[in-house]
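Work through the two exercises below with the sequence and the structure open. Each task is followed by a solution in steps.

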Amino acid sequence: SKKFKMVDIVIREGGETLPLLIRPSAGTEGEGDRSAGFLKEWVRANRALIDQKLLQYGAILFRGFHVTSGVEFQEIIQEYEPELSQEYRGTSPRKQIPGTEYVFSASELPPYFPIPQHLEMSFLPSPPRKIFFCCLDPPTSPGGETCLCDFKKVHDQMDPKIRKEFEDKGVMHVRNYKGTKTGLLSDPTMLKGWQDVFGTTSREVVEEELRKSGAEFQWRDGDSLRIVDRGSAIEEHPVTGEKVWFNHSQVFHWSMIPSEYYRIYRRLGKLKYLVLSWVMWLLKVILFTFLGPMRVGFHACFGDGSEIPESYLEHIRDVMWKNMVFNRWELGDIVLLDNYWISHGRQPYSGNRKVVVSWSKPYLKPSRRDTT
């Protein structure tokens, strides 16, 4: 049908291919070809094409369509990925969008807080295969981008000696979730309680899920919960077999927040980010010194329990920032990501911004398939 050809597929200018842009054809008239209803029909009729392009580029941006609600976003995404998931075991607080079953706020973290590059829930045995974002209220201030990065390039461009050590040792991810009581000296980055994460107040239900996933866990003082996940640092892409940097070490390590703020300062030149970098470095050093690596909100080390040199993580972040793509959100933008390839993060901002997210069902990592 001619109707379903009324879009342009555009590779970014300057040779940049991330993300691939799909938009209404230039010169078309009327609301039919820009409406959420049209995009829903187009996605339904072109699932195979979307699969092909997502495998080729890793990220797709639908722009110029009139998508204004979480309900419309969910209906469009379910035409492509009918089986979405509500299960979220990450660290960022989220809220379900009213009227939807599978759409959540992308993050309830304060807008000044940076979210570094990561593949969604990569520290778990079965992260989602794909992740989807939609902008319902674009930021009006500088910042607020959901920046992207090619984690195949990160793997390939890393120092081979550092990469080899990660390959040999793997990564241990430590998460400490709040209980009913908080100690006098606790890490403010412990952002939520385990009851919120697992959607239950039953320890038995939580323990059963953690045993099934192979995670180590320990109940701590004040009803808090420590979870330890050990796994590979690198995964093979499920389709292409290419190697991908696939862990949360650069996110969970104590140096993350001051390091991200410093890079944001270098990019934007705003003094407040340099000050935040110094303040957060001092706070993290104090907490790490008094609490130790296993009691801060989250931490990462090598799989054998040895600490990852900070210089390694700075090198990895340098490679990521070199490959990051910053796209300003526009109203109605929808982004599809291959979560086994293209990472995402969030730049700080001020004022209004509303970005929502959905994700596909858990997908067992290739490295786990011979061990489960």
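Two strands count as paired if DSSP finds at least two bridges between them. The model is predicted.

**Exercise 1.** Determine the strand order of the open sheet formed by four strands, and examine the pairing of strand 9 with strand 10.

Solution.
1. The order is 9-10-8-13, with antiparallel pairing.
2. Strand 9 (216-219) and strand 13 (298-302) each have a single partner strand, so they are the edges, and one side of each lacks a neighbour in the sheet.
3. From one strand to the next, the twist averages 15°.
4. Strand 9 and strand 10 (residues 225-231) run antiparallel and are joined by four bridges, which satisfies the cut-off of at least two.
5. Two residue pairs can be located: phenylalanine 217 has isoleucine 227 of strand 10 as its bridge partner, and glutamine 218 has arginine 226 of strand 10.
6. Five residues lie between the two strands of this hairpin, where glycine 222 adopts a positive phi near 70°.

**Exercise 2.** Identify the buried residues of helix 1 (residues 36-45), and decide how they are arranged about its axis.

Solution.
1. Apply the cut-off for burial, under 20% relative accessible area. The residues that qualify are Ala36, Phe38, Leu39, Trp42 and Val43.
2. Viewed down the axis of helix 1, these buried residues fall within an arc of 155°, so they line one face of the helix.
3. The elements covering them include helix 2 (47-57), helix 3 (70-80), strand 1 (7-10), strand 2 (20-24), strand 3 (59-62) and strand 14 (334-338).

Notes: Residues are numbered from 1 along each chain as its sequence is written. This is a predicted model: local features need pLDDT of at least 70, side-chain atom pairs count only at pLDDT 80 or more; totals for chains, interfaces and linings use all residues. Side-chain values use heavy atoms; hydrogens and water are left out. Axes are lines fitted to C-alpha atoms, for helices over the stretch in contact, and angles run from 0 to 180 degrees between N-to-C directions. Buried means under 20% relative accessible area, exposed over 50%, partly exposed in between (1.4 Å probe, protein chains only). The arc is that of the directions from the helix axis to the C-beta atoms. Contact means heavy atoms within 4.5 Å.
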